[in-house]
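Here are my notes on the two-chain model you sent over. Have the structure open while you read, and start with the strand pairing.

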Amino acid sequence: MSTNSFTLTDEMREQSIGVESEPASMVIEQGHILRFAEAIGDDNPAYTVGTPETGGIVAPPTFLRAMRGIRPELPFEIPYSRLLDGGSDWEYFDHVRPGDTITAVGRVEDIRERAGSIGQMLISTIKITYRNQEGIVVATQTSTSIRY
Amino acid sequence: MESQIFFEDVSEGMELPVEVRNPTPRQLVQYAGASGDFYEIHYDRNFAQSTGLKDIIIHGALKNAMLGAYITGWAGPQGSLCRLTVQYRGMDYPDEPITAKGHVTRVYQEGQRNLVDCTVWLENPEGQQTTPGTATVALPSRSN
């Protein structure tokens, strides 16, 4: 449990909301899709051989979690070392396929402080927008992180 | 051939078939490798316990993926997932059965699409909803 005296001020909150990460890119590999589908225990043929409906192999819905390091830099030092994932809200617009280059940018949507059973917590909401090489938004993920 | 559910087959309140999964520590390691999430709370018991957890826990994102597999499996090959929202309310541990359940909350058309909203969740062996969520899928119609 944290014993520091950190306080999220209105000013810090205002400076944080809207901050964007550097764009991060990943080339989607077929072998990676296979390993991911196997790891999540999903034997849907859309991820292994493709189906008539998908027109070839596509990535599972949460595959883009494998893109790491899409964290907007907050304009202050975070005094907590522990991190919990609060949840995600995904919207899907197009398939992700082997050979695609996906570029992701994260944006701070909200940040707030709360006292909970695990002590003082900093709760941030980040919206990640994923675009393919044609600039089409294939998905967005709005996720909540809890630091304590 | 996988079976296909059609928009006309679905009504509000309809329950989705229950599915039980048995994640293992091995699967958590596989997921760490495939996703790149190597946070030690998911495979190093000593580390997990040093942060106050009782044991290693299943990645939230893996539970998200399980619900993704659950809802896309139900929607069938011609169905497509439009939205999936999950919240991690409680910890889940490997080597314990985890049960996926759900029901239909809304059946509607929007533009050319036949949409179905569902409430979906994962339950631990005590019957607590550790991972509640909602999903929207587009289903094919029998008439086209």
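Which residue in strand 5 of chain A is the bridge partner of A:Leu122? Look for A:Arg147. I come back to that pair of strands in point 3.

1. Confidence. Keep in mind that this is a predicted model. The scores are ipTM 0.95 and pTM 0.94. For chain B, the average pLDDT is 96, and 98% of the residues score at least 70.

2. Layout of chain A. You should be able to pick out three helices and five strands. Going along the sequence, the order in chain A is α-β-α-α-β-β-β-β. The C-alpha trace of chain A spans about 55 × 30 × 20 Å along its principal axes. Of its 148 residues, 30% count as buried. If you take the contacts in chain A between residues at least 6 apart in sequence, 73% of them join residues at least 24 apart.

3. Strands 3, 4 and 5 of chain A. Strand 4 (residues 119-131) runs antiparallel to strand 3 (residues 101-116), and 13 bridges join the two. A hairpin of two residues makes the connection between strand 3 and strand 4. To find your place, use A:Ala115, which stands opposite A:Gln120 of strand 4. On to the next pair: strand 4 and strand 5 (residues 137-147) are also paired in the antiparallel sense, over ten bridges. The hairpin here has five residues between the strands, and in it A:Gly135 takes a positive phi near 85 degrees. The A:Leu122 and A:Arg147 bridge from the opening question belongs to this pairing of strand 4 with strand 5.

4. Where the chains meet. Chain A puts 25 residues into the contact and chain B puts in 28. On the chain A side, the elements giving two or more residues are helix 2 (30-39) and strand 2 (83-92). Strand 2 of chain A gives the most, with eight residues. By class, that side of chain A has ten charged, eight nonpolar and seven polar residues.

5. Pairing across the chains. Strand 2 of chain A also pairs with strand 2 (residues 80-87) of chain B, antiparallel and over five bridges. One bridge to check on screen is A:Asp89, whose partner in strand 2 of chain B is B:Thr85.

6. The nonpolar core. In soluble globular proteins, nonpolar side chains tend to be buried together. Here the largest nonpolar core has 62 residues, and the members that touch the most others are A:Ile40, B:Met66, B:Leu67 and B:Ile71. Helix 3 (residues 60-75) of chain B supplies the largest share of this core, ten residues. Try displaying the surroundings of B:Leu67: leaving aside neighbours within four places in sequence, its contacts include B:Leu84, B:Val86, B:Ala100 and B:Val120. B:Leu122, B:Thr131 and B:Gly133 are also among the contacts of B:Leu67.

7. B:Thr119. Is this residue buried, exposed or partly exposed? B:Thr119 counts as partly exposed because it has 16 C-beta neighbours inside 10 Å, while 20 or more would make a residue buried and 12 or fewer exposed. You will find B:Thr119 in strand 4 (residues 113-123) of chain B. Not counting residues up to four places away in sequence, B:Thr119 touches B:Gly102, B:His103, B:Thr105 and B:Thr134. From B:Thr119 to B:Arg21, the separation is 98 residues in sequence and 18 Å in space, C-alpha to C-alpha.

How values were computed:
Residues are numbered from 1 along each chain as its sequence is written. Chains are lettered from A and ligands numbered from 1 in the order in which they are written. This is a predicted model: local features need pLDDT of at least 70, side-chain atom pairs count only at pLDDT 80 or more; totals for chains, interfaces and linings use all residues. pLDDT is the predictor's confidence in each residue, from 0 to 100. Two residues are in contact if their C-beta atoms, placed from the backbone, lie within 7 Å. Helices (H or I, at least four residues) and strands (E, at least two) are DSSP runs, numbered from the N terminus. Ala, Val, Leu, Ile, Met, Phe, Trp, Tyr, Cys and Pro count as nonpolar, Asp, Glu, Lys and Arg as charged, and the others, Gly among them, as polar. Two strands pair if DSSP finds at least two bridges between them. A nonpolar core is a set of buried Ala, Val, Leu, Ile, Met, Phe, Trp, Tyr and Cys residues joined through C-beta atoms within 7 Å.
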